[in-house]
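Visitor: I am new to this structure and would like to learn how to read it. Could you take me through some of the features?

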Amino acid sequence: MSELHKFLFDGLPVRGCIVKLTHAWTEILARRLANTQTGAWPPPVAELLGEMAAAGVLMQSNIKFNGALVLQIFGDGPVKVAVAEVQHDLSLRVTAKVVGDVGVNARLPDLVNVANKGRCAITLDPKDKFPGQQPYQGVVPLHGDHNEKLDKLSDVLEHYMLQSEQLDTTLILAADSKVAAGLLIQRLPMAGEGNLAGSLVSRENEDEIGRNEDYNRISILARSLTRQELLELDVDTILQRLFWEERVLRFEPKAPVFACTCSRARVSSMIRGLGIEEAESILAERGEIDVGCDFCGQQYRFDAVDAAQIFTSAGDQPPSTSKVQ
Ligand SMILES: [Zn+2]
């Protein structure tokens with residue numbers, strides 16, 4: 001089962017969380033693989049999406065906010081857009097739009113930052129918006145302060161956290177075809193339980209950036225974690241190996257899950273919106289109506305009998321929608 005663990009370093013202004021997406025991640029990959037129109041994502045794209053999913057869960061679990069956290073990369077390479085969306089309850093989904101070829105060893109700049117014009121946006125979309133309320137959005141480039149292309153998503157997000165929240169952050173991310181995982185260590189202005197209340201931007205905090213010895217020591221320990229270890233070891237072993245000399249206070253783990261809002265009922269409703277003539281002409285041409293979810297790739301197929309049912313039972317159905325997801 002996928003798991004998220006939060007922890008504090010007792011008496012120190014440092015907190016952390018670690019996520020391992022297993023079933024939630026393989027379900028995402030399986031849906032895409034099963035889609036006969038798209039097939040699986042190229043492995044470097046899947047790896048990027050896995051890292052985005054893990055990072056999205058870490059960021060969502062680190063803020064006091066009821067709504068969706070959406071991590072988006074707008075790329076200038078073969079990946080035009082990559083999205084990870086994580087709800088407050090840690091249900092998540094990811095998608096990407098890929099145009100053109102992706103090299104087998106493509107790295108972040110090859111995927112989304114060829115001309116150094118790629119951007120990463122973090123959006124907080126509240127669940128219950130008051131009228132006219134806009135979601136909060138922060139945008140950072142995919143390069144560092146000296147225009148150097150950043151090689152890893154973790155570098156981009158560490159940069160974002162420092163800029164937007166003025167907090168030192170250490171992020172380790174990794175994904176393969178079975179697991180998407182991440183470890184986040186963050187310095188906070190307060191020690192102890194107050195850490196969980198979120199960040200406090202202040203002058204005193206700014207002065208501490210890069211200077212807190214406890215954070216720096218724990219960050220160095222965290223950075224010694226290899227990609228392989230993060231993917232293969234269980235959470236207890238990772239925390240024990242990295243922080244055996246520290247006093248780590250653990251919290252009740254949570255279980256992130258995959259969830260997409262698409263459903264057969266929504267697709268039925270969309271087909272009803274097309275009208276019976278359009279539906280029959282598609283059936284005549286192709287023998288079935290095949291609608292794939294743009295987000296998760298799930299395919300919904302309707303043969304002539306299914307389609308007839310949609311139109312004969314129209315009176316019992318809610319109004320039609322044009323959205324699959
Ligand atoms: Zn879907």
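Guide: What follows is a set of questions and answers on a metal site, some helices and a few single residues. Keep in mind that this is a predicted model.

Visitor: Let us start with the metal. Which residues coordinate the zinc ion?

Guide: To read a metal site, list the donor atoms and their distances. Here the SG atoms of Cys260, Cys262, Cys293 and Cys296 coordinate the zinc ion, at 2.2 to 2.4 Å. Along the chain these donors follow the spacing C-x1-C-x30-C-x2-C. Cysteine 260, in the loop between S11 and helix H9 (264–274), and cysteine 296, in the loop between strand S12 (289–292) and strand S13 (299–302), are 36 residues apart, and the pair links distant parts of the chain.

Visitor: What arrangement do the four donor atoms around the zinc ion make?

Guide: Angles decide that. Ideal angles at a metal are 109.5 degrees for four tetrahedral donors. The four donor atoms around this zinc ion subtend angles of 103 to 113 degrees, so the arrangement is tetrahedral.

Visitor: Is cysteine 260 buried or exposed?

Guide: Buried stands for a relative accessible area under 20%. Cysteine 260 has 17%, so it is buried. Cysteine 296 counts as buried too, at 3% relative accessibility.

Visitor: What does arginine 93 touch?

Guide: Contacts tell you what surrounds a residue. Arginine 93 has its place in strand S5, and its relative accessible area of 7% makes it buried. Leaving aside residues up to four places away in sequence, arginine 93 touches Val83, Ala84, Glu85, Phe258, Ala259, Cys260, Thr261, Phe295 and Gln325. Cys260, one of these, is also one of the residues that coordinate the zinc ion. With threonine 261 there is a polar contact between side chains, at 3.3 Å.

Visitor: Now the helices. How many ångströms should helix H1 span?

Guide: Count the residues and allow 1.5 Å for each step. Helix H1 (residues 23–34) has twelve residues and should span 16 Å; the C-alpha atoms at its ends are 16 Å apart, which agrees.

Visitor: Which residues of H1 are buried?

Guide: They are Ala24, Trp25, Ile28, Leu29, Arg31 and Arg32. Around the axis they cover an arc of only 160 degrees, so they are on the same side of H1. His23, Leu33 and Ala34, on the other side of H1, are exposed. Among the elements that cover the buried residues of H1 are strand S2 (14–21), helix H2 (43–61) and strand S5 (91–98). Strand S9 (180–187) and strand S11 (257–258) are also included in that cover.

Visitor: Which residues are buried in helix H6?

Guide: In helix H6 (residues 213–223), Tyr215, Ile218, Ser219 and Ala222 are buried. Their arc around the axis is only 105 degrees, which puts them on the same side of H6. Glu213 and Ile220 are exposed, on the face turned away from the buried side of H6. The buried residues of H6 pack against strand S1 (3–9), S2, strand S8 (169–175), S9 and helix H8 (235–243).

Visitor: What caps the N-terminal end of H6?

Guide: Look for a side-chain atom by a backbone nitrogen at the start of the helix. Asparagine 212 caps the N-terminal end of H6, with a side-chain oxygen 3.1 Å from the backbone nitrogen of aspartate 214. In H11, the cap at the N-terminal end is aspartate 303, where a side-chain oxygen lies 3.1 Å from the backbone nitrogen of valine 305.

Visitor: Which residues of helix H11 are buried?

Guide: Ala307, Ile310 and Phe311 are buried in helix H11 (residues 304–312). Seen down the axis, the buried residues of H11 fall within an arc of 90 degrees, so they line one face of the helix. They pack against H9, helix H10 (276–286), S12 and S13. Val305, Gln309 and Thr312 are exposed, on the face of H11 turned away from its buried side.

Visitor: One last feature, the backbone. What is the phi of asparagine 147?

Guide: Most residues other than glycine have a negative phi. Phi of asparagine 147 is positive, near 70 degrees. Asparagine 147 lies in the loop between S7 and helix H4 (153–165), and at 48% relative accessibility it counts as partly exposed. Asparagine 116, in the loop between helix H3 (108–112) and S6, also has a positive phi, near 65 degrees.

Terms used
Residues numbered from 1 in each chain as written. Predicted model: local features only at pLDDT ≥ 70, side-chain atom pairs only at ≥ 80, totals over all residues. Heavy atoms only, no water. Helix = DSSP H or I, 4+ residues; strand = E, 2+ residues; numbered from the N terminus. Expected span 1.5 Å × (residues − 1). Buried < 20%, exposed > 50% of the residue type's maximum accessible area, 1.4 Å probe, protein only. Arc of directions from axis to C-beta. Contact = heavy atoms within 4.5 Å. Donors = N, O, S within 2.8 Å, 3.2 Å for Na, K, Ca; no water. Tetrahedral: all angles 85-135°; square planar, octahedral: opposite > 155°, others 65-115°. Polar contact = N/O pair within 3.5 Å; in protein donor to acceptor, adjacent residues only side chain to side chain.
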